[in-house]
Amino acid sequence: MHDITEIIPFGFKDLLDIFLVTVIIYYSYRLMKESRSINVFVGVLLFIVIWLVVSQVLEMRLLGSILDKLVSVGAIGFIVLFQSEIRKFFYNLGAHRRLEPLMKLLGRKRRTTDRGSILPIVTACMSMAKDRVGALIVMERAIPLDDLVQGSGAVIDALINQQLIENIFYKGSPLHDGAMIISKKRIRAAGCVLPVSHNMDIPKELGLRHRAGMGVTEESDAIAIIVSEETGRVSVAVNGEFHLRLSFEDLESILTREMGGGNQA
């Protein structure tokens, strides 16, 4: 009686192959679940299984050749359909902490923001919160937000200033409803329209301004500061998560940590 390993050779390489495929499927499942595309993901997975069974197991030539053509064309459609999820996957991969030495070797430096640039933002947010003035401020990090600025925003390109921030979000201002984008220690644009998050886990008491703040952090590494017009509370969305009901010290601490201000001399 033959050993099964003699009939089907199975070694470390095969075990590693199975493990890597499992990891890819698992992380793909998590991404699709977060973006509410899980049904599409399951459908694609079932199609791949049927294609493998028809072409590799049953060796049905005619049907297999048709499915082969669909797979080759469908790969392009898959990229177009899930472009935001694919972009987020590669960003999370590149932003992993264990890859920081490699990024430094390639010359990629972490962007920093000094305390002098953070304090006017924090002070303006707390002042607006006290007066119940709604605001949405997005702080760009590694991923550029050029598409948001060019697509809907009014370019300002001014130094960060508390009075300017408050004037832009004043209820009589034509730009108060949109988002302000801060990049490279400057107020780059205002009145920008942001992508809205469809995450069902967001508390119902949080409005459209919070969903827009969450949406931009889901599609980039930006930080979004939200001042609620209804409650006067200040929140921060970063890495797809909310930090709610922040005090002056809390907001300053989060921005300093996330923007790398603590690394400055």
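**A walk around the sheet**

Visitor: Of the 265 residues of the protein, what share counts as buried?
Guide: Bear in mind that this is a predicted model. A residue counts as buried when its relative accessible area is under 20%. Out of 265 residues, the share that passes is 34%.

Visitor: And how much area does the protein expose?
Guide: Carbon and sulfur atoms supply 60% of the exposed area. The total comes to about 16,900 Å².

Visitor: In what order do the strands of the open sheet lie?
Guide: The protein has 11 helices and seven strands. The open sheet is built from seven strands with mixed pairing. At its edges, pairing on one side only, sit strand 2 (154–159) and strand 7 (241–243). From one strand to the next the twist averages 20°. Reading across, the order is 2-4-3-1-5-6-7.

Visitor: Which residue in strand 6 is the bridge partner of Ile225?
Guide: Strand 5 covers residues 223–227 and strand 6 covers residues 234–238. These two run antiparallel, joined by five bridges. In strand 6, Ile225 has as its bridge partner Val236.

Visitor: Which helix packs on the sheet touching strand 1, strand 5, strand 6 and strand 7?
Guide: Helix 9 (residues 162–169) packs on the sheet too, but touches strand 1, strand 2, strand 3 and strand 4. Its direction makes about 130° with that of strand 1. The helix you want spans residues 208–219, and its direction makes about 175° with that of strand 5. That's helix 10.

Visitor: What share of the contacts with a separation of 6 or more comes from residues 24 or more positions apart?
Guide: A contact here takes heavy atoms within 4.5 Å. Among those with a separation of 6 or more, residues 24 or more positions apart account for 61%.

Note on methods. Residues numbered from 1 in each chain as written. Predicted model: local features only at pLDDT ≥ 70, side-chain atom pairs only at ≥ 80, totals over all residues. Heavy atoms only, no water. Pairing = 2+ DSSP bridges. Helix = DSSP H or I, 4+ residues; strand = E, 2+ residues; numbered from the N terminus. Axes fitted to C-alpha atoms, helices over the stretch in contact; angles between N-to-C directions. Buried < 20%, exposed > 50% of the residue type's maximum accessible area, 1.4 Å probe, protein only. Areas by Shrake-Rupley, 256 points an atom, 1.4 Å probe, with all protein chains shown as cover.
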